[in-house]
Amino acid sequence: MSATRRAAVLGSPIAHSLSPVLHRAAYRELGLGDWTYGRHEVDEAALPAFMERLDATWAGLSLTMPLKRAVIPLLDEITPTAASVEAVNTVVLTGDGRRLGDNTDIPGMLAALHERGVQQVERASVLGAGATASSALAALARICTGEVTAYVRSDARAAEMRGWGERLGVPVRTAPWEDAAAAFEAPLTVATTPAGTTDALAAAVPARPGTLFDVLYEPWPTALAAAWADRGGAVVGGLDLLVHQAVLQVEQMTGRSPAPLAAMRRAGEAALLAR
């Protein structure tokens, strides 16, 4: 018998995604035995056709790169949070056939920081300038009372980050990547770069660091996160972000709240250990 409700994560590449592990753990804990959560390799060109094939059994979609912006023209409405960074990672399919887009990465970042006791900071640093960096700025707009310094590799990236700052209401100063070790002087550093990019900075972690939010979860710990923890600094990792944004997705798609954060985190940790 076919499942009554379906959800899935879409993206390309998608084989590495932990989303199925997290969402299925939530369904088990919530007793949603008739719910399934899949994984589909879908690129920008294939996305419109995939969306057209969705029927009434579908409750929602999680989106990863490169679909977070490509999906926006295919939706009926997006939340102000998603609009603020022009990125949707969550689509809720309503009973009347509407497609609603949201971004749970931003509140997920805030929830992960709050969980570790970071409620407000007077300044912060961001390493990198990609899509995750703009989400980081949107989160910092809510908790940082002063300036954010973004460390970037090019003038073009610097201009992008200053533009995002203006749009999000965050005072952003940019600095060259060669000066990235200075980022650690701030009470909060958010690393948004690909695996290996910050390894060389591990030796520059100060004796008494503040909080590091490293958005990677595999491999974990990164060299930077390990050095940070060795010096007694607080570390928030990519799995923390992934779990918290997935909690919000589960709540939106199923209508059940609260989603089982602890069970989802345990499932994610076990899946990473098994790889």
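This section describes the sheets, helices, loops, pockets and cavity of a predicted model.

Two open sheets are described in turn. One open sheet has six strands, in the order β2-β1-β3-β5-β6-β4. Its pairing is mixed. Strands β2 (35–41) and β4 (77–78) form the edges, and each of them pairs on one side only. Within this sheet, β1 (residues 5–11) pairs with β3. The two run in the parallel sense, and five bridges link them. One pair of bridge partners is A7 and G60, the latter in β3. A helix lies across part of this sheet. Helix α1 (residues 19–30) crosses β1, β2 and β3. Its direction makes about 175° with that of β2.

The other open sheet also consists of six strands. Their order is β9-β8-β7-β10-β11-β12, and the pairing is parallel. The edge strands here are β9 (172–176) and β12 (234–236), each paired on one side only. On average, neighbouring strands of this sheet are turned by 20° against each other, direction ignored. Strands β10 (residues 188–191) and β11 (residues 211–214) pair in the parallel sense. Four bridges join β10 and β11. V190 has F213 of β11 as its bridge partner. Helix α6 packs on this sheet and touches β7 (124–127), β8 and β9. The direction of α6 makes about 165° with that of β9.

The bridge partners V190 and F213 appear again in the lining of the largest cavity. The structure holds one cavity of 30 Å³ or more. The volume of the largest cavity is about 40 Å³. M109, L113, A136, A139, L140, V190 and F213 line it. Two elements, α4 (105–115) and α5 (131–143), each give two or more residues to this lining. Helix α5 provides the largest share, with three residues. By class, the lining has seven nonpolar residues, with no polar and no charged ones.

Open pockets were also mapped. The largest pocket contains about 1300 Å³ of space. Its lining comprises 48 residues. Nearest the centre of this pocket lie T64, M65, K68, T132 and V215. Several elements give two or more residues to the lining: β3 (58–63), α4, α5, β8 (148–152), α6 (155–168) and α8 (238–254). Helices α4 and α5 thus serve both this pocket and the largest cavity. The pocket lining divides into 22 nonpolar, 19 polar and seven charged residues.

The second largest pocket holds about 200 Å³ of space. It is lined by 14 residues, and D55, W58, L93, T94 and G97 are the closest to its centre. Seven of the lining residues are nonpolar, three are polar and four are charged.

Backbone geometry draws attention to several loops. Most residues other than glycine have a negative phi, and most peptide bonds are trans. Two cis peptide bonds and one positive phi are described here. A cis bond joins W220 and P221, with omega about -5°. P221 sits in the loop between β11 and α7 (223–230). Another cis bond runs from S257 to P258, and its omega is near 5°. P258 is placed in the loop between α8 and α9 (261–274). E86 is not a glycine, yet its phi is positive, at about 50°. This residue belongs to the loop between α3 (80–85) and β5 (90–93). E86 has 35% relative accessibility, so it counts as partly exposed.

T198 is another loop residue, placed between β10 and β11. T198 has a relative accessible area of 4% and is therefore buried, the cut-off for that class being under 20%. Leaving aside neighbours within four places in sequence, T198 is in contact with L127, W177, T193 and L224.

Notes: Residues numbered from 1 in each chain as written. Predicted model: local features only at pLDDT ≥ 70, side-chain atom pairs only at ≥ 80, totals over all residues. Heavy atoms only, no water. 1 Å grid on protein atoms, 1.4 Å probe; cavity = no way out; pocket = protein on both sides within 12 Å on 5 of 7 lines; lining within 4 Å. Points joined across faces, edges and corners; volume = space filled by probe spheres on them. Nonpolar A, V, L, I, M, F, W, Y, C, P; charged D, E, K, R; others polar. Pairing = 2+ DSSP bridges. Axes fitted to C-alpha atoms, helices over the stretch in contact; angles between N-to-C directions. Contact = heavy atoms within 4.5 Å. Buried < 20%, exposed > 50% of the residue type's maximum accessible area, 1.4 Å probe, protein only.
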